[in-house]
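Let's take a walk through a protein model together, one feature at a time. Keep the structure open beside you and look up each residue as we come to it.

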Amino acid sequence: MTVSAEGGPAEQARPLDDEPGPRSWARAFNDLGQGWRQRSLWGYLGWQDIKQRYRRSILGPLWISISMAVIATAMGILYGALFQEDIKTFLPYVATGLLIWNFVQGCILEGSEVFIANEGLIRFLPAPLSLHVYRLVWRQTLFFAHNVIIWVALMIIFPHPLGWASFMAIPAFALLVLNGGWITILSGIIATRFRDIPPIVASLTQLLFFMTPIVWSYDRLRDNPAVAERAQIAELNPVMHFVEILRQPMLGDPIVWRHWLVVGVITVVGWGAALVCMRNYRSRVAYWV
């Protein structure tokens with residue numbers, strides 16, 4: 001027992017708990033867990049983002065589907081004529097590709113600015129960083145759900161042989177959502193530190209659109225002996241595999257499992273990189289914004 005200056009017994013010092021430091025796996029996973037538990041908040045905020053975008057509009061969020069339908073129809077007719085494709089199969093092909101591309105593009109473009117756009121909330125609201133990630137991915141999911149109406153309409157107008165394999169669209173979209181999460185975390189943190197990243201990402205995303213088989217058919221080019229070897233370069237585009245794992249079951253096409261394998265590898269590697277970035281730099285985002 002120790003004695004205090006007044007001659008009385010001094011209180012024994014309590015050992016401090018081993019609290020994880022700012023760069024720790026515990027804090028990174030705790031941030032993700034806390035953000036998920038606040039899903040009622042980011043779910044509401046994501047829906048409000050859509051409502052605010054179409055505030056005082058008569059049709060409201062239906063404009064999402066209308067604009068998508070107009071673009072898909074115009075591009076389907078135009079590129080169908082250029083490539084001499086049957087409109088009955090090519091229009092659903094293009095529309096479904098655009099539907100998936102809009103989700104991927106939204107996660108990439110808005111993900112690179114997710115923390116910059118929420119600067120005020122990050123600085124003054126004691127909330128987990130992942131809340132803003134969940135909010136963005138949820139908002140893109142709502143956009144996708146709105147646009148699925150176009151796919152339903154096309155399946156009624158131009159029937160496709162949908163079967164049990166079409167249910168593979170559910171795990172395929174789940175994989176898209178999972179990858180949207182790590183893309184948002186990784187690009188968001190890097191772009192917050194280096195503000196030149198968002199315009200670079202925007203330029204590369206525009207290039208990716210033309211390199212992804214959305215308005216052109218990869219199978220048609222691959223079967224053409226004149227360009228077959230060059231067409232295989234498209235396999236190096238990761239977005240192509242994400243589009244195909246969802247478009248194939250949605251159109252009733254045979255499932256090509258190599259696309260699923262590539263997406264699985266990208267998912268594991270991407271989340272690994274995002275978690276490392278989250279562990280090392282999560283605490284600095286509030287200062288960088």
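We begin with a pair of charged side chains: Asp31 and Arg282 form a salt bridge, with 3.6 Å from N to O. Bear in mind that the model you are looking at is predicted. What does this pair tie together? Asp31 sits in helix H1 (residues 25-37), while Arg282 belongs to the loop between helix H13 (257-281) and helix H14 (285-288), so the salt bridge joins parts that are 251 residues apart in sequence. Both partners are hidden from the outside: Asp31 is buried, with a relative accessible area of 5%, and Arg282 also counts as buried, at 18% relative accessibility. The cut-off that matters here is under 20% relative accessible area for a buried residue. As background, side chains of opposite charge can pair when their charged atoms come close.

How many salt bridges are there by this rule? The count comes to eight, and a few others are worth a visit. Glu119 pairs with Arg123, and their closest N and O atoms are 3.4 Å apart. These two residues are four residues apart in helix H6 (residues 119-124), so about one helical turn separates them. A general point helps here: an α-helix has 3.6 residues a turn, so residues three or four places apart point the same way. Are the two partners buried or exposed, or something in between? Glu119 is partly exposed, with a relative accessible area of 30%, and Arg123 is partly exposed as well, at 44%.

Now turn to helix H12 (residues 238-251), which holds both Arg247 and Glu244, three residues apart, or about one turn of the helix. Their side chains meet in a salt bridge, with 2.7 Å from N to O. Arg247 is buried, and Glu244 is buried too.

Charged residues can also be linked in larger groups, as the next example shows: Asp49, Glu110, Arg135 and Arg139 are connected in a network of salt bridges. Let's pause at one member, Arg139, which is found in helix H7. Arg139 counts as buried, at 10% relative accessibility. Which residues does Arg139 touch, leaving aside its neighbours within four places in sequence? Its contacts are Gly46, Asp49, Ile50 and Glu110. For a sense of distance along the chain, Arg139 and Leu129 are 10 residues apart in sequence and 16 Å apart in space, C-alpha to C-alpha.

Next, follow helix H4 (residues 87-111) from end to end. H4 has 25 residues, and the span from its first C-alpha to its last is 34 Å, close to the 36 Å expected at 1.5 Å a residue. This helix is mostly covered, as 18 of its 25 residues are buried.

That brings us to the nonpolar residues. In soluble globular proteins, nonpolar side chains tend to be buried together. In this model, the largest nonpolar core has 46 residues, and Leu98, Leu176 and Leu246 have the most contacts inside it. Several helices each supply at least two residues of this core: helix H3 (62-82), H4, helix H7 (130-157), helix H8 (169-193), helix H9 (197-211), H12 and H13. Which helix gives the most to this core? H4 does, with 13 residues. To see the packing around one residue, look at Leu98, which touches Met68, Ile71, Ala72, Met75, Phe209 and Ile214, not counting residues up to four places away in sequence. There is also a second, separate core of 21 residues, and Leu136, Leu186, Ile189 and Val285 are among them.

What about the cysteines? A disulfide is a covalent bond between the sulfur atoms of two cysteines. The structure holds zero disulfides. Cys107 is in no disulfide, and the nearest cysteine sulfur, that of Cys277, is 17 Å away. Why is there no bond for Cys277? Its sulfur is 17 Å from the closest cysteine sulfur, in Cys107, which is too far for a bond. Cys107 counts as buried at 2% relative accessibility, and Cys277 counts as buried at 10%.

Our last stop is Val262, a residue placed in helix H13. Val262 is partly exposed, with a relative accessible area of 29%. Val262 and Gly43 are 219 residues apart in sequence, and their C-alpha atoms lie 30 Å apart in space.

How values were computed
Residues are numbered from 1 along each chain as its sequence is written. This is a predicted model: local features need pLDDT of at least 70, side-chain atom pairs count only at pLDDT 80 or more; totals for chains, interfaces and linings use all residues. Side-chain values use heavy atoms; hydrogens and water are left out. A salt bridge is a side-chain nitrogen of Lys or Arg within 4 Å of a carboxyl oxygen of Asp or Glu. Buried means under 20% relative accessible area, exposed over 50%, partly exposed in between (1.4 Å probe, protein chains only). The expected span of a helix is 1.5 Å times one less than its number of residues. A nonpolar core is a set of buried Ala, Val, Leu, Ile, Met, Phe, Trp, Tyr and Cys residues joined through side-chain atoms within 4.5 Å. Contact means heavy atoms within 4.5 Å. A disulfide is a pair of cysteine sulfur atoms within 2.5 Å.
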